[in-house]
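Q: Please take a close look at one part of the surface of this model. Please then set out what lies in the interior.

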Amino acid sequence: MTDLDTNEPIRGPEAVRKSLIEAAVQLMAMRSPRQISGRELAKHAGVNYGLIHHYFGSKDAVFAEAVAVATEEMGERWDSDGILPVNTSDDAASYRTFAKLELDEVRSPMTDLIHRIVRGQATATGRAEDDPELLAQVALCAAVQFGWGAFEEEIVTGLQEFGVDRDALREKVSELSMRLGEG
């Protein structure tokens with residue numbers, strides 16, 4: 001099999017693992033993991049189907065690793081920025097994935113991510129982790145983030161008859177979200 005972007009063969013354990021994880025993230029942004037076959041995942045990753053089992057044991061393990069990687073990357077950005085998650089477009093694919101996992105009744109990483117955000121915000125702002133104002137700010141920002149990420153396409157489609165420009169709307173929603181995070 002080959003890398004779909006370069007037409008070069010994907011070689012080596014790390015390259016194969018990375019390609020499968022990236023493909024899983026991309027596919028989960030469109031559909032629930034339950035609706036994605038192992039063969040489709042392998043084809044999208046540009047690798048042989050048997051490599052899923054060789055490196056991960058199952059397609060579910062690939063999806064679990066993809067969610068863990070996406071969650072960690074989001075958490076690292078929020079930790080380093082010391083702010084609430086208010087950018088409405090950077091992590092949209094991950095938010096859609098989390099929503100699909102929630103609907104599938106599969107434990108999503110949202111709970112752990114919310115805990116991480118609360119701890120990070122408490123440290124960054126010098127407040128207690130049980131501060132009601134802090135918890136309300138985190139809840140509101142998380143609702144905006146996850147809601148926008150999960151339903152951006154539907155929201156934009158619903159506003160098209162009013163002449164909405166997707167990029168301008170994203171920018172304005174991000175701006176308004178920042179105000180929510182400032183409390």
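A: Phe 151 counts as partly exposed because its relative accessibility is 46% (buried is under 20% relative accessible area, exposed over 50%, partly exposed in between, with a 1.4 Å probe and protein chains only). The model is predicted: local features need pLDDT of at least 70 and side-chain atom pairs pLDDT 80 or more, whereas totals for chains, interfaces and linings use all residues. Numbering runs from 1 along each chain as its sequence is written, and side-chain values use heavy atoms, without hydrogens or water.

Phe 151 lies in helix 7, residues 132-159 (helices are DSSP runs of H or I, at least four residues, numbered from the N terminus). Together with Ile 155, Leu 159 and Phe 162, Phe 151 makes a nonpolar surface patch of about 390 Å² (nonpolar side chains within 5 Å, each residue with over 30% relative accessible area and no salt bridge, that is, no Lys or Arg side-chain nitrogen within 4 Å of an Asp or Glu carboxyl oxygen).

In the interior, the largest nonpolar core has 19 residues (buried nonpolar residues joined through side-chain atoms within 4.5 Å). Leu 20, Ala 24, Met 28, Leu 41, Val 47 and Val 62 have the most contacts inside this core. Helix 1, helix 2 (38-45) and helix 4 (59-81) each give two or more residues to this core, and helix 1 gives the most, seven. Apart from this core lies another, of nine residues, among them Ile 117, Leu 134, Val 138 and Ala 142.

Helix 1 has as its buried residues Val 16, Ser 19, Leu 20, Ile 21, Ala 23, Ala 24, Leu 27 and Met 28. In helix 6, the buried residues are Leu 113, Ile 117, Val 118, Gln 121 and Ala 122. Gly 126, with a positive phi near 70°, follows helix 6.

Conventions. Patches are made of residues with over 30% relative accessible area and no salt bridge: like charges are joined within 9 Å, nonpolar side chains (Val, Leu, Ile, Met, Phe, Trp, Tyr) within 5 Å. Accessible areas come from the Shrake-Rupley method with a 1.4 Å probe; for residues, only the protein chains shown count as cover.
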